[in-house]
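Me: I am new to this structure and would like a close look at one part of it. Please choose a helix that has plenty around it, and walk me through what it is made of, what lies against it and what else is worth seeing nearby.

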Amino acid sequence: MSPTLSSRRVMLGGLLRGRELDGEAMLSLDAESLSLDTARGRISLALAQLEGIRVPGDVLELYLATGDVIQLEQAPELNTLAAEIASQVCAIPEMTRSLRALGAGSLAAGEEHDRFFGPLLEARLIAERAPNLVALRAAFDAEALRAAIAQVITEIAAERYPREAGERRALAAELTDSAHELYGRLAELERAEAVLGSCDDSERFVRWREWQAVLRNVFRSADGSWIVIHPVLTDDRHGKPSIWKRMFGRKKKRRT
């Protein structure tokens, strides 16, 4: 996103802190605030104050945390303007910077580590390329993430115990139990998705922030789950190699 979007001339209406708004204004928007420059001075609204947005016909309505509603009229492409405002308000912040297990160090070593975090990191990449907020939210679909993480756990257990069915099931169960916090957060994300999908546009930004806070906890719980899982996946948690692997291993040792 560009730091500041182009200014637009609008006609004001509605109320702000009990004062009726009218007349022309120049609207400008950046990552932190929406500004309205009027003949009486500048009105600066932090994006965190915005609770929702609607375009019921030829007017754009901004719903504020104060309970006020500001109306913007006679502006070109109101739906485009509403999408630009929503895109800034609902930008997804960095989710991985503070995670301990995702970065450098022994916890971040190994292909199994990369596969465990893969569904979340892939979702984040898709979200970064999303053309709109609907696609952005869909990138973090809770049910799809839960299924993908469960599949990774199943595959890790199967690769470590390809022939020992009992040990394979036991390891998969232990890994699943170690990730119980992550699964709990994904259940919360699913509930937040449902609330966001059914809310009125006048409170959509409020519900989006709630959903986003749960999403951040999903990333944090994945980090915590891997810290628990990592010591479980020790070198001795493997099935016996096949006869062909044992024969090949002996030949390699003789050559060396």
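Reply: A residue is called buried here when its relative accessible area is under 20%, and exposed when that value is over 50%. With that in hand, let us look at helix 6, bearing in mind throughout that this is a predicted model.

Some background first. The chain has 256 residues, and buried ones make up 38% of them. You will find eight helices and eight strands along it. Its mean pLDDT is 89, with 88% of the residues at 70 or more. Residues 243-248 have pLDDT below 50, and beyond near neighbours in sequence that stretch makes one contact in the model. Of the contacts with a separation of 6 or more, 60% are between residues 24 or more positions apart.

Now for helix 6, which covers residues 180-198. How does its span compare with what its 19 residues should give? At 1.5 Å a residue the expected span is 27 Å, and the C-alpha atoms at its ends are 28 Å apart, which agrees. Its buried residues are Leu182, Tyr183, Leu186, Leu189, Ala192, Glu193 and Leu196. Notice that this list includes Glu193 and Tyr183 alongside the leucines.

What covers those buried residues? The cover includes helix 2, helix 3, helix 4, helix 5 and helix 7. Two of these, helix 5 and helix 7, deserve a visit of their own.

Start with helix 5, which has 14 residues and runs from 165 to 178. Its expected span is 20 Å, and its end C-alpha atoms lie 20 Å apart, in agreement. Leu171, Ala172, Leu175 and Ser178 are buried in this helix. Looking down the axis of helix 5, you would see these buried residues within an arc of 125 degrees, so they line one face. The face turned away from that buried side carries Arg169 and Asp177, which are exposed. The cover goes both ways here: helix 6 is among the elements over the buried residues of helix 5, together with helix 4 and helix 7.

Helix 7 spans residues 204-229, and Ser221 is a good place to see it meet our chosen helix. Ser221 sits in helix 7 and is buried, with a relative accessible area of 0%. Leaving aside residues up to four places away in sequence, Ser221 touches Glu181, Leu182 and Arg185. Leu182 is one of the buried residues of helix 6 that we met above.

Helix 7 also brings in some aromatic rings. Trp208 and Trp211 are three residues apart in this helix, which puts about one helical turn between them. Both of these tryptophans are buried. The search of the whole structure turns up six aromatic pairs. In one of them, the ring centres of Trp208 and Trp211 are 4.9 Å apart and the planes stand at 55 degrees, so this pair is tilted. Ring pairs also join Trp208 and Trp211 with Phe140 and Phe219 in a cluster. Phe116 and Phe117 give you another kind of pair: their centres are 5.5 Å apart and their planes are at 90 degrees, so the arrangement is edge-to-face. Phe116 and Phe117 are both buried.

From helix 7 you can also reach a loop. Arg100 lies in the loop between helix 1 and helix 2, and with a relative accessible area of 58% this arginine is exposed. Arg100 touches Asp223 and Ile227, again leaving out residues up to four places away in sequence. Arg100 and Asp223 are 123 residues apart in sequence, yet their C-alpha atoms are 6.7 Å apart in space.

Finally, a word on the cysteines. How many disulfides does a search of the whole structure find? The count is zero. For Cys90, the nearest cysteine sulfur is that of Cys199, 9.9 Å away. Cys199 is likewise in no disulfide. Since a disulfide needs the two sulfur atoms within 2.5 Å, that distance is outside the limit. Both cysteines are buried, Cys90 with a relative accessible area of 2% and Cys199 with 10%.

Notes:
Residues are numbered from 1 along each chain as its sequence is written. This is a predicted model: local features need pLDDT of at least 70, side-chain atom pairs count only at pLDDT 80 or more; totals for chains, interfaces and linings use all residues. Side-chain values use heavy atoms; hydrogens and water are left out. Helices (H or I, at least four residues) and strands (E, at least two) are DSSP runs, numbered from the N terminus. The expected span of a helix is 1.5 Å times one less than its number of residues. Buried means under 20% relative accessible area, exposed over 50%, partly exposed in between (1.4 Å probe, protein chains only). The arc is that of the directions from the helix axis to the C-beta atoms. Contact means heavy atoms within 4.5 Å. Rings of Phe, Tyr and Trp (its six-membered ring) pair if their centres lie within 6.5 Å; planes under 30 degrees apart count as stacked, over 60 as edge-to-face and the rest as tilted. pLDDT is the predictor's confidence in each residue, from 0 to 100.
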